[in-house]
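Work through the exercises below with the structure open beside you. Try each task before you read its solution.

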Amino acid sequence: MVELERQDNYIDDINRELYDIRDEFSYSYKADKGLTPEIIREISGKKNEPKWMLDFRLKSLQIYNELDVPPWSPDISDLDIDNIVTYVKPKTDMKISWDDIPDEIKDTFVRLGIPQAEHESLAGVGAQYDSEVVYHSVRQYLLDQGVIYTDMESAVRDYGDIIKKHFMTCVPPRDHKFAALHGAVWSGGSFVYVPKGVKVDIPLQSYFRSNAPGAGQFEHTLIIVDEGAFLHFIEGCSAPKYSVNNLHAGCVELFVREGARLRYSTIENWSKNMYNLNTKRCIVEKNGSIEWISGSFGSRVSMLYPMSVLKGEGASSEFTGVTFAGNGQYLDTGAKVIHGAPYTTSTINAKSIAKDGGVAVYRGIVKIAPRAHHTKSTISCDSLMMDNNSRSDTIPVLDIRNDEVDIGHEAKIGRISDEAIFYLMTRGLSESDARAMIVRGFVEPIAKELPLEYAVEMNNLIRLELEGSIG
Amino acid sequence: MERALLSVEDLHVAIGEKLILKGMNLRIDKGEVHVIMGPNGAGKSTLAHILMGNPRYTLVRGNMAFEGQNINSLKTDERARLGMFLSFQYPEEISGITLENFLRSSKGSITGKNPSVLSFYKGLKEKMSGLGMGEEYAKRNLNEGFSGGEKKKSEILQMLVLEPKLAILDETDSGLDIDAVRIVASGIREYMDGEHSAIIITHHRAILDYVKPDFVHILLNGRIIESGGAELIEIIENKGFDHLRESAKSGV
């Protein structure tokens with residue numbers, strides 16, 4: 001029988017029980033607090049890593065110590081990195097059968113609906129419980145087509161050449177301080193390779209969950225979609241809440257080869273003490289395309305700007321994102337696109353909701369290189385303010401280095417109008433239902449891009465977030 | 001005497017500091033159609049909105065009762081659940097929610113029981129076709145990008161689906177061409193089956209060629225200055241509101 005302990009830190013979080021139940025769980029190994037080369041060696045040793053990876057980690061640690069936090073960043077002075085245990089290894093080792101997984105872990109995943117989802121419609125599930133991937137499966141027919149879907153630790157050992165060639169080349173450790181930190185202490189995550197011409201017809205999904213108090217989460221995702229292939233990858237994140245500030249500094253590196261297409265969907269629902277400093281980037285070759293679907297909920301501070309590097313002629317990128325900032329939250333999110341070749345196109349469609357003093361910032365960059373003629377970019381930012389205490393900013397940067405481009409940009413910041421609420425209430429809807437309906441409608445363009453169970457989860461999250469403020 | 005469906009007594013209503021309705025009385029019984037006419041600024045829309053509890057309007061004095069229950073302090077949705085409905089002069093556009101899903105939620109809220117998807121859609125389709133609305137409107141976002149005429153049809157559709165006991169139609173016929181007026185009017189006629197009641201607020205007589213009123217009230221400067229039958233429409237048509245204004249002043 002699992003003992004469940006509940007901690008409600010904020011009054012308006014009462015309705016988040018489903019996501020905020022912490023399991024009593026014992027860990028077989030815990031690193032000392034703080035970051036030293038010895039800890040890095042220990043982590044690497046535990047994972048039986050090749051020497052090149054250990055060297056990479058040590059080099060990253062050095063860069064981490066050299067770099068400062070960017071000057072424009074939201075306030076993260078509360079975050080004491082030395083006080084965060086960077087590595088927590090769950091008791092269990094890799095399992096292939098759901099039945100073999102310890103009950104405590106299973107229970108958490110059952111609560112989040114993971115096994116059902118896996119049984120019902122998904123091609124494979126890699127679920128990360130704290131730092132190690134504990135459960136992994138891929139349908140046999142994908143294996144037969146040469147699709148690789150495994151955890152990063154195994155990938156480093158089993159596909160060393162391919163990993164060494166790609167690992168943190170898309171997001172180098174020198175990129176920023178937290179990328180360097182990631183390079184030093186990364187743990188867990190997924191590796192996917194889709195061979196030339198293979199179309200993976202059902203989504204692959206991974207579900208990350210951070211559970212240990214004070215534990216960081218530094219998973220690494222590396223996906224290569226080879227020429228003409230297709231993949232839809234879904235990443236879901238949900239963390240229960242603890243009194244110690246938690247840090248998430250994951251890294252996602254995506255490689256889309258010529259004529260390939262990748263859709264990368266995320267619903268992140270972090271506990272409200274989490275610092276989510278995640279880096280996601282995709283390099284797109286000729287005529288390839290990347291589609292980002294991104295939902296950012298929870299966390300205390302988020303800094304997240306998925307970047308598309310359109311490297312080959314005719315490459316395209318589409319970003320669709322929604323951010324929901326409630327009481328005590330500062331969510332600084334957006335998207336970046338670099339048009340590095342002619343005839344490339346990009347679309348950014350970002351929506352944000354701010355309520356109860358929450359701050360939602362859209363920050364984005366579109367860069368168009370001198371040689372990238374005949375490029376096209378459309379940016380649209382839409383913010384919805386639920387009250388007068390909240391804040392919403394739009395900081396779009398356009399850096400255009402040639403004349404033959406077609407750029408469209410629009411930004412809207414709106415409030416829920418009292419007349420719209422009244423209109424819906426004359427049709428019998430309560431005030432809270434009317435508000436929820438308007439917010440659901442606002443995010444509908446994103447919800448409709450998600451697989452059904454994720455759209456449902458997003459609607460549930462919105463409902464939970466809204467209930468906090470309405471009496 | 002039978003209990004009134006709606007009774008309004010000594011109604012004083014303000015927007016901000018400005019008093020708009022200055023002592024209005026009205027009684028509507030089951031099955032009756034009441035027409036309210038009056039020049040711009042007379043307080044017609046104010047009446048419609050205060051009856052539904054729009055928070056922008058302040059009830060200064062007076063009482064409103066629906067089926068004998070005082071509704072002065074009821075919220076808008078509670079009034080809707082009692083069986084009151086307002087067709088808006090300028091319906092709101094709501095993004096991301098289809099007309100069908102919206103109406104199914106509304107119907108569920110009002111009846112307390114969610115209708116089944118299939119049978120609801122079937123009924124909706126029939127009512128839409130009666131109003132000359134193609135099936136595709138069910139999947140469109142609520143009023144979003146609808147023309148003026150389409151919005152008014154959408155309002156009448158909502159009335160037919162939600163089946164209120166009392167429908168308040170605020171200039172539902174304004175801005176419509178002759179064909180649209182005929183379609184909207186036929187929708188109202190379908191609804192007026194002797195059981196249902198309506199308040200029709202209008203400037204034009206065209207709609208009254210299709211829907212026969214039991215009572216006509218002339219609203220002027222926040223008060224009903226004259227009540228009567230359909231013959232009042234003729235007087236307005238021939239002599240205008242100014243004539244009545246003069247009569248009101250001279251106390252005739």
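A residue counts as buried if 20 or more other C-beta atoms lie within 10 Å of its own, as exposed if 12 or fewer do, and as partly exposed in between. Keep in mind that this is a predicted model.

**Exercise 1. A strand and its surroundings**

Task: Find strand E8 (residues 197–201) of chain B and say which way its residues point and whether they are buried or exposed.

Solution:
- Step 1. Split the strand by direction. B:Ser197, B:Ile199 and B:Ile201 point one way from E8(B), while B:Ala198 and B:Ile200 point the other way.
- Step 2. Apply the cut-off. Residues on both sides of E8(B) are buried.
- Step 3. Draw the conclusion. Five of the five residues of E8(B) are buried, so the strand is largely enclosed by the rest of the structure.

**Exercise 2. The partners of that strand**

Task: Which strands are joined by bridges to E8(B), and how does the chain cross from E7(B) to E8(B)?

Solution:
- Step 1. Take strand E3 (residues 33–37) of chain B. Four bridges join E3(B) to E8(B), and the two run parallel. Here B:His34 stands opposite B:Ile199.
- Step 2. Take strand E7 (residues 166–170) of chain B. Five bridges join E7(B) to E8(B), again in parallel. B:Leu169 is the residue opposite B:Ile200.
- Step 3. Trace the chain. From E7(B) the path goes through helix H6 (residues 178–191) of chain B to E8(B). This β-α-β crossover is right-handed.

**Exercise 3. An open sheet**

Task: In what order do the four strands of the open antiparallel sheet in chain B stand, and which strands stand at its edges?

Solution:
- Step 1. Recall how strands join. Strands of a sheet pair through backbone hydrogen bonds, either parallel or antiparallel.
- Step 2. Read off the order. It is E2-E1-E4-E5 of chain B, with antiparallel pairing.
- Step 3. Look at the ends. Strand E2 (18–28) and E5 of chain B each have a single partner strand, so one side of each is left without a neighbour in the sheet.
- Step 4. Check one pair. Eight bridges join strand E1 (residues 6–15) of chain B to E2(B). B:Leu6 stands opposite B:Ile28 in E2(B).
- Step 5. Add the helix. Helix H1 (residues 44–51) of chain B lies across E1, E2 and E4 of chain B. The helix H1(B) runs at about 65° to E4(B).

**Exercise 4. Two helices that pack**

Task: Describe how helix H9 (residues 418–425) and helix H10 (residues 431–447) of chain A pack.

Solution:
- Step 1. Give the geometry. The angle between H9(A) and H10(A) is about 115°, and their axes are 9 Å apart. The crossing is right-handed.
- Step 2. List the residues that meet. H9(A) brings A:Ala420, A:Ile421, A:Leu424 and A:Met425. H10(A) brings A:Glu431, A:Ala434, A:Arg435, A:Met437 and A:Ile438.
- Step 3. Sort them by class. The contact of H9(A) with H10(A) has seven nonpolar, no polar and two charged residues.

**Exercise 5. Where the chains touch**

Task: How many residues of chain A are in contact with chain B, and which element of chain A gives the most?

Solution:
- Step 1. Count. 19 residues of chain A are in contact with 22 residues of chain B.
- Step 2. Find the elements. H9 and H10 of chain A are those that give two or more residues to the side touching chain B. H10(A) gives the most, with eight residues.
- Step 3. Sort by class. The side of chain A that touches chain B has nine nonpolar, four polar and six charged residues.

**Exercise 6. Three loop residues**

Task: Are A:Asp356, B:Glu67 and A:Pro306 buried or partly exposed?

Solution:
- Step 1. Start with A:Asp356, in the loop between strand E23 (345–354) and strand E24 (359–368) of chain A. It has 17 other C-beta atoms within 10 Å, so A:Asp356 is partly exposed. Its phi is positive, about 50°, although A:Asp356 is not a glycine.
- Step 2. Move to B:Glu67, in the loop between strand E4 (57–66) and strand E5 (69–70) of chain B. B:Glu67 has 15 C-beta neighbours inside 10 Å, so it counts as partly exposed. B:Glu67 has a positive phi of about 50° and is not a glycine.
- Step 3. Finish with A:Pro306, in the loop between strand E18 (301–304) and strand E19 (307–310) of chain A. A:Pro306 has 25 C-beta neighbours inside 10 Å, so it counts as buried.

Terms used
Residues numbered from 1 in each chain as written. Chains lettered and ligands numbered in written order. Predicted model: local features only at pLDDT ≥ 70, side-chain atom pairs only at ≥ 80, totals over all residues. Axes fitted to C-alpha atoms, helices over the stretch in contact; angles between N-to-C directions. Left-handed = near helix turned anticlockwise from the far one by under 90°. Contact = placed C-beta atoms within 7 Å. Nonpolar A, V, L, I, M, F, W, Y, C, P; charged D, E, K, R; others polar. Pairing = 2+ DSSP bridges. Right-handed = clockwise from strand over helix to strand, strands pointing away.
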